[in-house]
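Subject: Structure handover and findings

Dear colleague,

I am handing over the structure below, together with an account of what was found in it. Please keep the model open while you read, since the notes go from place to place.

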Amino acid sequence: MNRQIAFIGKMASKDQDAWLAAIRPLLVDAAIIPYEEISPEQRMNIEVAIVANPDPKDLATLPALRWVQSLWAGVERLVVELPKVNFDIVRMIDPNLASTMAEAVLAWTYYLHRDMPKYLFQQKHKIWQQGDLRELKDRNIGILGLGQLGRAAVEKLLLNGFNVSGWSRRLSNMEGVKCFAGMDQLADILAKSDILICLLPLTAETHGLLNDKRLRLLPTGASIINFSRGQIIDQDALLRHLENAHLDHAVLDVFETEPLPMTSALWDSPKITVLPHISAPTNTRTASEIVARNLMTYFETGKIPESISRPRGY
Ligand code: NAP
């Protein structure tokens with residue numbers, strides 16, 4: 001089998017060098033060739049590419065491509081920008097990433113549970129005022145998305161004593177979790193979530209899912225954590241619900257435009273914690289091992305790892 005692999009990433013050259021340095025020693029029998037170094041002959045034969053925000057035009061110049069391995073977990077841009085190609089898209093599924101995300105979910109859930117934004121505000125304004133403390137079991141956490149990341153987050157929250165519900169497209173079965181599924185049951189989980197955590201992929205169905213009408217269904221005083229994609233929440237509607245005190249606080253790690261523009265109103269709201277997309281960074285070492293394992297399996301058996309479903313969009 002042809003063991004040439006294209007590497008197509010929109011990233012700083014030092015980052016590309018770091019990825020190549022991590023993956024190449026794990027795949028000594030294969031040649032990983034940065035896109036700009038691929039010869040015209042290699043271009044005709046390459047069957048697999050490692051990609052990170054690739055330019056679709058570059059992928060279109062590889063006629064023998066059978067599948068691409070994404071370095072990132074979210075592949076919505078590949079799905080949207082390459083609707084008609086016939087190669088498979090394999091996204092990053094890394095237990096290390098899931099555990100990093102679960103850690104972030106736990107950390108920022110405690111931040112909200114223990115009213116840290118309120119006490120930071122009080123300190124800033126020299127206010128000495130003790131709020132009530134709610135028991136963990138009385139704090140209802142709703143998780144939208146029970147995939148690789150959502151499930152790991154649920155387990156961490158349960159271990160810590162929170163009361164957890166989850167929502168997915170197909171009904172999930174997780175011990176100790178009240179599970180909801182499909183659009184028919186979205187209102188039910190929203191209505192019972194004191195802290196709503198978004199871990200959904202961005203697809204045609206989830207784009208704008210948390211709009212004004214649905215945010216209204218959250219209990220008064222609820223908070224939101226968005227760790228998946230900015231486009232899933234209507235930002236203007238969210239700001240309105242925070243400003244009119246229906247919602248208490250939002251922790252946002254992802255935005256429609258990143259970096260968040262300096263002019264965005266989100267920066268200035270005391271009811272919003274802005275994070276610079278840090279909840280679960282890809283770990284180069286563990287991700288490289290996964291990439292290498294997937295590619296070796298393909299070279300040895302011809303088997304393409306499980307890829308995303310194009311009709312579903314994730
Ligand atoms: P995943 O394994 O594909 O899981 C997706 C989950 O969402 C599944 O439970 C799926 O339901 C559910 N879902 C999808 N569409 C739905 C719909 N229309 N209605 C209801 N449920 C729906 O994805 P993952 O690995 O957990 O990752 C989730 C997202 O996190 C990624 O797509 C990426 O955008 C984001 N992410 C963010 C960071 C960060 O640093 N902020 C890092 C990594 C990933 P089923 O179970 O029924 O299929």
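Before the first finding, one definition is needed: a cavity is a set of grid points where a 1.4 Å probe fits but cannot get out, and a residue counts as lining if it has an atom within 4 Å of such a point. Please also bear in mind throughout that this is a predicted model.

The cavity

The structure holds 1 cavity of 30 Å³ or more, and the space inside the largest cavity comes to about 40 Å³. Which residues line the largest cavity? They are N226, G230, I233, Q235, L252, V254 and F255, and by class this lining divides into 4 nonpolar and 3 polar residues, with no charged ones. One of the lining residues, L252, belongs to strand β11, and it counts as buried because its relative accessibility is 4%, where the cut-off for buried is under 20%. Measuring from C-alpha to C-alpha, L252 is 27 Å from V90 in space, and the two are 162 residues apart in sequence.

The overall form

Stepping back to the whole chain, the protein has 11 helices and 12 strands. Its radius of gyration is 21 Å, close to the 20 Å that the globule rule gives for 314 residues, and the protein is therefore as compact as a globular protein of that length. The C-alpha trace spans about 70 × 40 × 30 Å along its principal axes, and 47% of the 314 residues are buried.

The second largest pocket

The second largest pocket has a volume of about 340 Å³. Of the 18 residues that line this pocket, D115, G221, S223, D248 and H249 are the closest to its centre. Three elements, α6 (116-124), β10 (222-226) and β11 (247-252), each supply at least two residues of the lining, and the largest share, 3 residues, comes from α6. By class, the lining of this pocket has 7 nonpolar, 4 polar and 7 charged residues.

Strand β10 also holds A222, which counts as buried because its relative accessibility is 1%. The C-alpha atom of A222 lies 14 Å from that of W108, although the two residues are 114 residues apart along the chain.

Aromatic rings and charges

A pair of aromatic rings is described by the distance of the centres and the angle of the planes. The count here comes to 5 aromatic pairs. How are the rings of W67 and Y298 arranged? Their centres are 5.5 Å apart and their planes stand at 75 degrees, so the pair is edge-to-face, a term that applies to planes over 60 degrees apart. This pair links distant parts of the chain, since W67 is in strand β4 (residues 67-70) and Y298 is in helix α11 (residues 284-301), 231 residues apart. Both W67 and Y298 are buried, and ring pairs link these two residues with F299 into a cluster.

In two further places a charged end sits over a ring: that of K178 over the ring of F180, 4.9 Å from its centre, and that of R312 over the ring of Y314, 4.3 Å from its centre.

Points in the backbone

Finally, there are some places where the backbone deserves a look. A cis peptide bond, with omega at about -5 degrees, joins E258 and P259, and P259 is located in the loop between β11 and β12 (272-274).

N53 has a positive phi of about 45 degrees although it is not a glycine, and its place is in the loop between β3 (48-52) and α3 (56-59). Is N53 buried or partly exposed? N53 is partly exposed, because its relative accessible area of 31% falls between the cut-offs of 20% for buried and 50% for exposed.

H277, also not a glycine, has a positive phi of about 55 degrees. This residue lies in the loop between β12 and α11, and at 36% relative accessibility H277 counts as partly exposed.

With kind regards

Conventions:
Residues numbered from 1 in each chain as written. Predicted model: local features only at pLDDT ≥ 70, side-chain atom pairs only at ≥ 80, totals over all residues. Heavy atoms only, no water. 1 Å grid on protein atoms, 1.4 Å probe; cavity = no way out; pocket = protein on both sides within 12 Å on 5 of 7 lines; lining within 4 Å. Points joined across faces, edges and corners; volume = space filled by probe spheres on them. Nonpolar A, V, L, I, M, F, W, Y, C, P; charged D, E, K, R; others polar. Phe/Tyr/Trp six-rings, centres within 6.5 Å; stacked < 30°, edge-to-face > 60°. Helix = DSSP H or I, 4+ residues; strand = E, 2+ residues; numbered from the N terminus. Buried < 20%, exposed > 50% of the residue type's maximum accessible area, 1.4 Å probe, protein only. Lys NZ or Arg CZ within 6 Å of the ring centre and 35° of its normal. Rg over C-alpha atoms; globule rule 2.2 N^0.38 Å.
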